[in-house]
Structures are given as structure tokens and as C-alpha cells.
Amino acid sequence: MPTPNETAPEPILPPPPQVYSSGRKVLSFVTTLFGVTVPLVGLVAGMYLAWGWGFGWVDFGLLFGMYLLSMLGVTVGFHRLFTHRSFQTVRPIEILLGALGSMSFQGPLLDWVGRHRLHHQHSDKEGDPHSPYPHARGVKGWLAGFWHSHIGWAFTPMPDGLDRYAGDWRRDSVIRTVSVLFPLWAFLGVFIPSVIGLCFGGWQGALTGFVWGGLVRILLGHHATWSVNSICHLWGKKPFACGDESRNNVLVGIVALGEGWHNNHHAFPSSARHGLKWWQFDLSWLVIRTLVICRLAWKVRLPSRGELIARAENPAGPLPTAGTAS
Ligand SMILES: [Zn+2]
Ligand SMILES: [Zn+2]
């Protein structure tokens, strides 16, 4: 059984200055546009191919299997292990999770960690890279806020000073190398399903493996992850008071493998478990539990019963107001 542990506060750093050269802006815009539109083209191609060739069990297996593996790389690896250090594990699993998460095409590991720590330290306030709230006034503003928090933020370059937000892992040469090798892992993320498709169905199988296990899987993973930033700061329940607009959303909880219990997560960022109630399905937590049972993970951090009671919404008075959420 994992040992309950205190959730250690992370140091609050000022947000890095958002000053970019026009060259960096253009590069960021073009690479993100490429990363967003190519999977969309893949979906259209997949539907066209399915119309002519059908959609077989191998295609389904590659779509589902690659989705699970790459998303667990993000949820268990990028998020709970690397960003929040909510458990410790052996080096091969660290590398495996870093590689699998990179296959989701969400950028290099250490950039992801830096940006997400920035989100937690300035949630729904100035400096949060993807809050919907500075825009949320009126229907038009609300739509602009949704767009920014879901996808628009990805078109802005990484702030210059973001390195210091992942300084702990940057000093680790192995993890730094895993992060630098992002293009290799990303390539493998589309190459592996293509090769499996080739083995089962020749060149036709290779093409459908590339489309379903590669492009369409990336599209679904992108929107599932981005929904945590957008939907889970707009719709859902807030059982805990944490001074921001994070919400628990059942649908995102299931689709994003437990990450949709986002209010729980903002209340206890270091907790390895996000679905804190028995009915809050959290596949990523089940994976961490399995690693613990296999003695491959330890120092698992969970909120104590006292902390759960202390943070429960409105136990002794009104909630704090939600920052700049106006
Ligand atoms: Zn959040
Ligand atoms: Zn987080």
C-alpha cells in the first residue's frame, strides 16, 4: 500500500516575461498549425479509407492501444511523475513514460513540465498560460476564452524563462536527453503503428495503421488533454476550495484517463491519485497502484484525511473568490 504523505508546497516563482521575437512567434505558429491540422487531415483520410476498405480490428486495436499508451505517458509520466513528482519509480520506467508521452506530439517533456508548473502556480490569474478566464465576459469573450484555453495558447512560443520551472529535471542528464530526443519518439509514435499494420495487412495495413494508430490517435489525444485545460476550468463541480476555477468533469475524467478530476488535482497537486472517491474512475492511478504492487513505484504521495477535510468546499465559511475570473 502506498504511504500517505504530506503534499509539499512548490516555490512560487514570478511568471517569466512574455516577450518574443517575431521569428519565434512565426516558428511557433507554423509548427503548432502543422501539428494541429495534419492529424485533422488524418481523420478525414481515415474516414475516406474506412468507406472503401472498412475499419478492421487491427485498426481499432492500433487506435485504442496507441491512445492508451501515449496518453498514459502524458498522464502518469509527464504530469504525475515529472511535473508533480507524486511518486518515484525505476529509471527504465521513467524513460519509457517520457518516450510514450512524447509520442502524443505535445512537445518535449521538459517544456511540457515547465508550462504545466506555470499553470499551477498562476492558475486562472495573470501568468497562467492557458486560463479561459481573462477573456470570459459575454458570449463572444467566453468563446474566445474557450478557444484560448483549449488550443489558442499552443500557438504562442515558450517563454524564455520557463527553463527554471523544470530545473530539477534539467539537471538530470538522462531525462534531459529523453526530452531532447522528442523528434525521435514522435516519429516512433507514427512509425510503430505503421509497421504493425504492415505485418497484419501489407501496404494497405501500413497506411491504415499510420492513419488510425498515428494521426487520428494523436488528434484524439490532443483534444482529450486540451479539454483538461478548457472544459475542466469551465464546466463541472468544485468540491474543494483552491482559489481558482478548476472543476471535476466526469466525461473528461474518463476520456483523459483520470485527469478530468481536475478540481481534486488543483486542491492536491502532488497527489498521485486524482479520482479521490471510489466512483471517480482514474485509470492513471490504477496504473500507479499496479506499479506499487509490482514494487516498481514508491514514495507515492496522497492527501491525508485531515487535508481532505480541511480543503473540503465551504466547511466553515464562504469560498475565496476565484482570482481574476471576471
Ligand atoms: Zn488546471
Ligand atoms: Zn497538474
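Residues 316-326 have a pLDDT under 50, and for this stretch the model holds 21 contacts beyond four places in sequence. The model is a predicted one. Across the protein the pLDDT averages 87, and 88% of the residues score at least 70. Over residues 1-7 the pLDDT is again below 50, with 15 contacts in the model beyond near neighbours in sequence.

**Overall make-up**

- The protein contains 12 helices and 2 strands.
- In sequence order, these elements follow the pattern α-α-β-α-α-α-α-α-α-α-α-α-β-α.
- Of the 326 residues in the protein, 44% are buried.
- Among contacts with a separation of 6 or more, 69% join residues that are 24 or more positions apart.

**Packing of H2 against H11**

- Helix H2 spans residues 57-83 and helix H11 spans residues 283-293; their axes are 9 Å apart and meet at an angle of about 70 degrees.
- H2 is therefore roughly perpendicular to H11, since angles of 65 to 115 degrees fall in that class.
- On the H2 side, Leu72, Thr75, Val76 and Arg80 make the contact; on the H11 side, Ser284, Val287 and Ile288 do so.
- By residue type, this contact between H2 and H11 consists of 4 nonpolar, 2 polar and 1 charged.

**Helix H5 and Phe146**

- Helix H5 runs over residues 138-150, which gives 13 residues.
- From the first C-alpha of H5 to the last is 18 Å, close to the 18 Å expected at 1.5 Å a residue.
- Gly145, His148, Ser149 and His150 of H5 are buried, and helix H8 (182-230) is included in what covers the buried residues of H5.
- Phe146 also lies in H5.
- Phe146 has 18 other C-beta atoms within 10 Å, so Phe146 is classed as partly exposed; a buried residue would need 20 or more.
- Outside its neighbours within four places in sequence, Phe146 is in contact with Pro132, Ser230 and Leu234.
- Phe146 and Asn229 are separated by 83 residues in sequence, while their C-alpha atoms are 9.1 Å apart in space.

**The loop between H4 and H5**

- Asp124 sits in the loop between H4 and H5, and its phi is near 60 degrees, a positive value in a residue other than glycine.
- Asp124 counts as buried because 23 C-beta neighbours lie inside 10 Å.
- Lys125 is placed in the loop between helix H4 (109-121) and H5.
- Lys125 is partly exposed, because 17 other C-beta atoms lie within 10 Å.
- Lys125 and Gly243 lie 118 residues apart in sequence, with a C-alpha to C-alpha distance of 10.0 Å.

**The loop between H3 and H4**

- Phe105 belongs to the loop between helix H3 (91-102) and H4.
- The phi of Phe105 is near 55 degrees, which is positive in a residue other than glycine.
- Phe105 has 22 other C-beta atoms within 10 Å and is therefore buried.

Notes: Residues numbered from 1 in each chain as written. Chains lettered and ligands numbered in written order. Predicted model: local features only at pLDDT ≥ 70, side-chain atom pairs only at ≥ 80, totals over all residues. Axes fitted to C-alpha atoms, helices over the stretch in contact; angles between N-to-C directions. Helix = DSSP H or I, 4+ residues; strand = E, 2+ residues; numbered from the N terminus. Parallel < 35°, antiparallel > 145°, perpendicular 65-115°, else oblique. Contact = placed C-beta atoms within 7 Å. Nonpolar A, V, L, I, M, F, W, Y, C, P; charged D, E, K, R; others polar. Expected span 1.5 Å × (residues − 1). Buried ≥ 20, exposed ≤ 12 C-beta atoms within 10 Å, placed from the backbone. pLDDT = per-residue confidence, 0-100.
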